[in-house]
Amino acid sequence: MNKSLFLKTFFSYLLIMALVLLLVFLFASGIIENQYRENVQRGLGQLAASLQRNFVPLLAARDTAALDVLVKELGKETDARLTVIATDGRVLADSEGDPRHMENHADRPEFVLAMQGKPAEFSRLSSTLHRAMLYRAVPIRRDGRVIGVLRLSLFVSAIEQMLVPARRKINILLAVLSAIALVLAFLYARYLTAPIKRLTQAAHQVAGGDFSPRVRIDRRDELRQLADAFNHMVEQQGALLESVQRQQLELETILASIGEGLLVLDRDGKIILANQSFKKMCLQPECPGRPYWEMLRDSRLNELIKRSLETRQDSRGELDINDGVYLVHVSPLPGEGPLIVTFSDISEYKRLERIKRDFVSNLSHELRTPLTAIKGFVETLAEESSAQNRNYLDIINRHTDRLVNMINDLLTLSEMEEPRMRLEKKRIDLLKLVDNVAIIFAGRCREKNIHMEVDAGANLPAFFGDPFRLEQLFINLVDNAIKYTEHGEIRVSLAKREGEIEIRVRDSGPGIATEHLPRIFERFYVVDRSRSRQQGGTGLGLAIAKHIVLLHDGRIEAVSQPGQGTEFIITLPLVPEA
Ligand code: ADP
């Protein structure tokens, strides 16, 4: 490009110079030649005017011989041919020839005009010599009367011949000017393109990652402005790159130092970035550019990533990777951005959880046997005791019952938290299951004068789940509803929604204040401890209910306001039978 720009500039400039020179040459040489011709003609006229006087005496004396001698003498002194013609057209004397052999010149136009007293000039073909000639004729006067005509003639070729040296000089001048134009065109093209060449070289260097080149142009034109702008841009780019590199280094240091494994994936699952902790976790030193499944083969991870890619929503789950347990969080960046996958090592937390679970489970088992024995003996003692003692024994019995309930609930919970716990899933008619639960509580409803109603929308599909656990879920919810409702009604409704079944358990009880709602599913969280105790509550019923719902991949929430009753909404996804 640079070369062609140089050549383009060079040849354009050269062409313009050549055209200008040519025009100047044509114009100037035309003017010069015309001027020269005019000078010759003027000289010829002046010569004729000054010479004609010499011939007057001889012409008046009709001494043609002397006249011819004079004409021949004067003819030698000038470059022109001299002819003296009588008024009747006869040639009396001629500097180049013998007048006696020359024809009558009465019809020559210059002669005719001179005879009329006017000096005449003609350029025409000589009828005697058959060559182009320039004629100048003037009348020869004596006492104001025309007594003859003096004619001066020059070969046009002679005039042309005289122009040859002038033309040669002009040609030499043209050649010198052309050479100067050539050199100037070359210098000008170089002057114009050299900075561009330097700028191009510098731009190539910058493109190659070297931000050091600066282009200095010592002139005050647009190219200087371009060079200044280029230098400024390179400076800015260099500073920007430096800051980006520094930030990247900082980011890499931060990413390397965090304990969590971090993975950035593109849409095709290829690793864009992986931190040190991830590489250590999957025992692979080199990751970027490779698909994640080459690093970690785990169907659960594939599922989480696939789900996040499809829904562009966060997804999380627990994975066992190389003897450790990790909480994996897949989070897609907005738009079509990459996926961020984090791996938090929760092995220690899981270990402590297992210890706690084992402890609770062992303790519950250990407590259940002595408690059963205490309960048996209290009942035996009660049969043989006085009325006063029986009252105390009843209190002991009630508290023992509460302890047994609590231990049973704790055992149920730790059983459900067991990772190896499998649901015994079957096809269930949920309406029938809820109806059976209602039958269990029919007596208590009657006692408390509570009206219980179960209704289901049309086309309620069969649900694939664990009937034993689901029954426990509804028992806990209905039991709570009866426990906390003094009178009024309880309504359980089932309905099919898009891809799921929605169950609502609603009562007309005292309701729950908003500040307690987020916490009621926690273990041992009770709103009113004395009331819960009085009702034989353990504070574990809703924790168990939530666990059962989660084991079925569902959701549970409570909607309530004090004095407005409480509604538990359970949503269970309809899954294909496995
Ligand atoms: P508890 O054994 O005490 O009933 P739960 O875990 O079953 O324990 O319930 C936790 C707390 O939530 C209860 O103590 C009670 O305060 C509140 N609660 C549960 N169900 C209802 C309800 N239907 N109406 C009002 N409060 C309720």
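**Exercise 1. In which loop is Arg312 found?** Then determine how its backbone and its exposure are described in this predicted model.

*Solution.*
Step 1. Arg312 is found in the loop between helix 8 (299-311) and strand 8 (315-321).
Step 2. Turning to the backbone, Arg312 has a positive phi of about 55°, although it is not a glycine.
Step 3. The relative accessible area of Arg312 is 23%. Buried requires a value under 20% and exposed a value over 50%, so Arg312 is classed as partly exposed.

**Exercise 2. Carry out the analysis for Asp323: where is it found, and is it buried or exposed?**

*Solution.*
Step 1. Asp323 is found in the loop between strand 8 and strand 9 (324-332).
Step 2. Phi of Asp323 is near 70°, which is a positive value in a residue other than glycine.
Step 3. With a relative accessible area of 88%, Asp323 is exposed.

**Exercise 3. Establish how helix 4 and helix 5 are oriented, and which residues make their contact.**

*Solution.*
Step 1. Helix 4 comprises residues 156-207 and helix 5 residues 222-257; they pack at an angle of about 10°, and their axes are 11 Å apart.
Step 2. Angles under 35 degrees count as roughly parallel; helix 4 and helix 5 are therefore roughly parallel to each other.
Step 3. On the side of helix 4, the contact is made by Leu192, Pro195, Ile196, Leu199, Ala202, Ala203 and Val206. Helix 5 contributes Leu223, Leu226, Ala227, Phe230 and Val234.
Step 4. Sorting the residues of this contact of helix 4 with helix 5 by character gives twelve nonpolar, no polar and no charged.

**Exercise 4. Examine the salt bridge of Arg357: which residue is its partner, and which parts does the pair tie together?**

*Solution.*
Step 1. A search of the whole structure finds 32 salt bridges. In one of them, Arg357 pairs with Glu418, and the closest N and O atoms are 3.7 Å apart. The cut-off for a salt bridge is within 4 Å.
Step 2. Arg357 lies in helix 9 (residues 347-384), and Glu418 lies in the loop between helix 10 (387-417) and strand 11 (426-428), so the pair ties together parts that are 61 residues apart in sequence.
Step 3. Arg357 is buried, at a relative accessible area of 5%, whereas Glu418 is partly exposed, at 23%.
Step 4. Arg357 and Glu418 also belong to a network of salt bridges that links them with Glu318, Lys350 and Glu353.

**Exercise 5. Describe the salt bridge between Glu415 and Arg469, and state where each residue lies.**

*Solution.*
Step 1. The side chains of Glu415 and Arg469 meet at 2.8 Å, N to O.
Step 2. Glu415 is in helix 10 and Arg469 in helix 13 (residues 467-484); the pair thus links distant parts of the chain, 54 residues apart.
Step 3. Glu415 is partly exposed, with a relative accessible area of 41%, while Arg469 is buried, with a value of 6%.

**Exercise 6. Identify the strands linked by Arg491 and Glu453, and classify the exposure of both residues.**

*Solution.*
Step 1. Arg491 and Glu453 form a salt bridge through their side chains (3.1 Å, N to O).
Step 2. Arg491 belongs to strand 14 (residues 488-497) and Glu453 to strand 12 (residues 450-456), 38 residues apart.
Step 3. Arg491 is partly exposed, at 31% relative accessible area; Glu453 is partly exposed, at 28%.

Key:
Residues are numbered from 1 along each chain as its sequence is written. This is a predicted model: local features need pLDDT of at least 70, side-chain atom pairs count only at pLDDT 80 or more; totals for chains, interfaces and linings use all residues. Side-chain values use heavy atoms; hydrogens and water are left out. Axes are lines fitted to C-alpha atoms, for helices over the stretch in contact, and angles run from 0 to 180 degrees between N-to-C directions. Helices (H or I, at least four residues) and strands (E, at least two) are DSSP runs, numbered from the N terminus. Angles under 35 degrees count as roughly parallel, over 145 as roughly antiparallel, 65 to 115 as roughly perpendicular and the rest as oblique. Contact means heavy atoms within 4.5 Å. Ala, Val, Leu, Ile, Met, Phe, Trp, Tyr, Cys and Pro count as nonpolar, Asp, Glu, Lys and Arg as charged, and the others, Gly among them, as polar. Buried means under 20% relative accessible area, exposed over 50%, partly exposed in between (1.4 Å probe, protein chains only).
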